[in-house]
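Here is a short briefing on one protein chain. Keep the viewer open and follow the residues as they come up.

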Amino acid sequence: CSSPHHWEAYAIGTLADDIASLSSDDVAGDESVVAGCTEERFEDYAALSAAEVGFAVIPPSQSAFASGSRLFHCVASAGESSVTFRR
């Protein structure tokens, strides 16, 4: 991406096949999310300090989940900080 932006997907993964729901507790507790959406992974990807951003996980949509998708994205957001991403 050539233009600056305030969020960045820095990793993707697959939720466990037996995940109960897309509730934030179920998604945040999934082993793939815990192992994949780490501050260290973000710092390796972006060469920025994790202290400068906030983190979230974007699970599949309800319809995609119902169709069998388990793909999630680990996202860092600059929020109100002065950080911008350029990848």
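Two residues are in contact when heavy atoms lie within 4.5 Å. Among such contacts between residues at least 6 apart in sequence, 66% join residues at least 24 apart. The model is predicted. The protein holds four helices and three strands.

**Overall make-up**

- Read from the N terminus, the elements follow the order β-α-α-α-β-α-β.
- The protein has 87 residues, and 31% of them are buried.
- Its accessible surface is about 5300 Å². Carbon and sulfur atoms account for 51% of that surface.

**Aromatic rings**

- The protein has three aromatic pairs.
- One of them joins Tyr 10 and Phe 42 in an edge-to-face arrangement. The centres are 5.5 Å apart, and the planes meet at 80 degrees.
- Tyr 10 sits in strand 1 (residues 7-14) and Phe 42 in helix 3, so this pair ties together parts that are 32 residues apart in sequence.
- Both Tyr 10 and Phe 42 are buried.
- Phe 42 also pairs edge-to-face with Phe 55, at 5.4 Å centre to centre and 80 degrees between the planes.
- That second pair links helix 3, which holds Phe 42, to strand 2, which holds Phe 55. The two residues are 13 apart in the chain.
- Is Phe 55 buried, partly exposed or exposed? Its relative accessibility is 33%, so Phe 55 counts as partly exposed.
- Phe 42, in turn, has a relative accessible area of 0% and is buried.
- Through ring pairs, Tyr 10, Phe 42 and Phe 55 become a cluster.

**Buried charges without a salt bridge**

- Where is Arg 70 found? Arg 70 is in the loop between helix 4 (62-66) and strand 3 (71-77).
- Arg 70 is buried but has no salt bridge. The nearest side chain of opposite charge is Asp 17, 5.0 Å away. A salt bridge needs a side-chain nitrogen of Lys or Arg within 4 Å of a carboxyl oxygen of Asp or Glu, which is why this pair does not count.
- A polar atom of the Arg 70 side chain lies 3.0 Å from the backbone oxygen of Phe 65.
- Beyond its neighbours within four places in sequence, Arg 70 contacts several residues, including Gly 13, Thr 14, Leu 15, Asp 17 and Pro 60.
- Asp 30 is a second buried residue with no salt bridge. For Asp 30, the nearest side chain of opposite charge is Arg 70, at 7.9 Å.
- Asp 30 lies in the loop between helix 1 (24-29) and helix 2 (31-36).
- Which backbone nitrogen does the side chain of Asp 30 reach at 3.0 Å? That of Ala 16. The Asp 30 side chain also reaches the backbone nitrogen of Ser 32, at 2.9 Å.
- Leaving out residues up to four places away in sequence, Asp 30 touches Thr 14, Leu 15, Ala 16 and Ile 19. These four residues are also listed among the contacts of Arg 70.

**Strand residues**

- Ala 9 is found in strand 1. At a relative accessible area of 27%, Ala 9 is partly exposed.
- Ala 9 and Ile 58 are 49 residues apart in sequence. Their C-alpha atoms are 9.2 Å apart in space.
- Apart from residues up to four places away in sequence, Ala 9 touches Tyr 45, His 73, Cys 74 and Val 75.
- Val 57 has its place in strand 2. Val 57 counts as partly exposed, at 27% relative accessibility.
- How many residues separate Val 57 and Ile 12 in sequence? They are 45 residues apart, with 9.3 Å from C-alpha to C-alpha.
- With neighbours within four places in sequence set aside, Val 57 is in contact with Val 27, Val 33, Cys 37, Phe 72 and His 73.

**A backbone angle to check**

- Ala 47 has a positive phi of about 55 degrees, although it is not a glycine.
- Ala 47 lies in the loop between helix 3 (39-46) and strand 2 (54-58).
- Is Ala 47 buried or exposed? Exposed, at 67% relative accessibility. The cut-off for exposed is over 50%.

Terms used:
Residues numbered from 1 in each chain as written. Predicted model: local features only at pLDDT ≥ 70, side-chain atom pairs only at ≥ 80, totals over all residues. Heavy atoms only, no water. Buried < 20%, exposed > 50% of the residue type's maximum accessible area, 1.4 Å probe, protein only. Areas by Shrake-Rupley, 256 points an atom, 1.4 Å probe, with all protein chains shown as cover. Lys, Arg positive; Asp, Glu negative; His and termini not counted. Polar contact = N/O pair within 3.5 Å; in protein donor to acceptor, adjacent residues only side chain to side chain. Phe/Tyr/Trp six-rings, centres within 6.5 Å; stacked < 30°, edge-to-face > 60°.
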